[in-house]
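Hi,

Here is the structure I promised to pass on to you. Have a look at it first, and then read on for what turned up in it.

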Amino acid sequence: MSGYAVAHLDEIDEISDGRCASRPVRYHFGITSFGINAWTGREAGDRIINEHDEAQAGDEQEELYLVQRGRARFELDGRRIEAGADTLVFVRPGVKRTAFAEEPGTTIIALGGTPGKAYELTGYEIWAPLAPLYEAGNYAEAADRGRELIKAHPEYPTLLYNVACCESLAGRTAAAIEHLRLAIERADRFRSLAAEDSDFDPTRDDPAFKELVG
């Protein structure tokens with residue numbers, strides 16, 4: 001195996017969870033020490049980055065955005081920031097952020113990490129194509145397809161957790177608890193998340209679930 005790899009951004013296929021499509025740069029190269037993704041707005045006015053804050057997401061990541069080409073408009077806690085090509089924008093976890101293309105083809109690259117913690121592989125890139133099934137309430141189909149993905153990628157806690165959510169909602173209690181257990185083994189933060197997640201309401205009274213989440 002070579003000690004390096006080269007790719008043009010356009011060679012990395014986009015993935016989408018039904019919101020803003022992204023190019024999974026980290027996954028493409030198999031990077032394990034930091035997170036990096038890219039987004040492109042096809043037309044002026046397109047939202048490039050989903051509105052979110054990293055504190056709310058539960059992983060407290062700092063993020064650095066680079067406008068790689070075009071011109072973007074960031075909205076950071078309601079404040080508008082115009083950013084042309086080669087502009088760097090650093091955002092701390094609690095800041096609500098989103099971005100829009102001001103020119104066709106505007107591309108933003110984002111790097112992220114949690115202060116004081118080693119980077120955690122989550123596997124959201126693997127799960128993302130199944131998210132529309134979850135949103136549409138097709139829980140059994142999402143669970144079936146997710147189980148196949150787990151066979152190929154058993155190391156990713158977000159994939160395991162999201163499949164467990166679908167299994168719970170589909171009434172597959174034993175499978176949901178087993179995949180949740182594996183997710184918690186890989187990332188303990190999913191224990192407290194599951195304790196408050198309504199997706200596990202159908203599973204919540206099972207003694208094994210109660211023991212798992214404490």
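Let's start with one residue: is arginine 23 buried or exposed? Keep in mind that this is a predicted model. Arginine 23 has a relative accessible area of 9%. Buried means under 20%, so arginine 23 counts as buried. You can find arginine 23 in the segment before α1, which covers residues 25-29. Its side chain has a polar atom 2.6 Å from the backbone oxygen of isoleucine 12. Leaving out residues up to four places away in sequence, arginine 23 touches Leu9, Asp10, Ile12, Asp13, Glu14, Asn37, Ala38, Thr40 and Arg42.

One of those contacts, Thr40, leads us to the strands. Threonine 40 stands opposite threonine 107 in β8. Strand β8 (residues 106-113) pairs with β1 over seven bridges, in the antiparallel sense. Both belong to an open sheet of four strands, in the order β1-β8-β3-β6, with antiparallel pairing. At the edges stand β1 (35-41) and β6 (88-91); each has a single partner strand, so one side of each is left without a neighbour in the sheet. On average, neighbouring strands of this sheet are turned by 20 degrees against each other, direction ignored.

Next, try alanine 101, which sits in strand β7 (residues 97-101). Alanine 101 is buried, at 0% relative accessibility. Here is a nice one to check on screen: alanine 101 and arginine 71 are 30 residues apart in sequence, but 6.3 Å apart in space, C-alpha to C-alpha. Apart from neighbours within four places in sequence, the contacts of alanine 101 are Gly41, Glu43, Ala44, Gly45, Asp46, Ile48, Arg71 and Thr106.

Now for the helices. In soluble globular proteins, nonpolar side chains tend to be buried together. The largest nonpolar core in this model has 28 residues, and among those with the most contacts inside it are Trp127, Leu159 and Phe200. Helices α3 (124-127), α4 (131-135), α5 (139-152), α6 (157-169), α7 (173-186), α8 (189-196) and α9 (207-213) each supply at least two residues of this core. The helix that gives the most is α6, with seven residues. What does phenylalanine 200 touch, not counting residues up to four places away in sequence? Its contacts are Tyr161, Ala164, Cys165, Ser168, Leu180, Ala194 and Phe209. There is also a second, separate core of 16 residues, including Cys20, Phe74, Leu76 and Val89.

Happy exploring!

Definitions and conventions: Residues are numbered from 1 along each chain as its sequence is written. This is a predicted model: local features need pLDDT of at least 70, side-chain atom pairs count only at pLDDT 80 or more; totals for chains, interfaces and linings use all residues. Side-chain values use heavy atoms; hydrogens and water are left out. A nonpolar core is a set of buried Ala, Val, Leu, Ile, Met, Phe, Trp, Tyr and Cys residues joined through side-chain atoms within 4.5 Å. Buried means under 20% relative accessible area, exposed over 50%, partly exposed in between (1.4 Å probe, protein chains only). Contact means heavy atoms within 4.5 Å. Two strands pair if DSSP finds at least two bridges between them. Axes are lines fitted to C-alpha atoms, for helices over the stretch in contact, and angles run from 0 to 180 degrees between N-to-C directions. A polar contact is a pair of N or O atoms within 3.5 Å; within protein, one must be able to donate a hydrogen and the other to accept it, and residues adjacent in sequence count only if both atoms are side-chain atoms.
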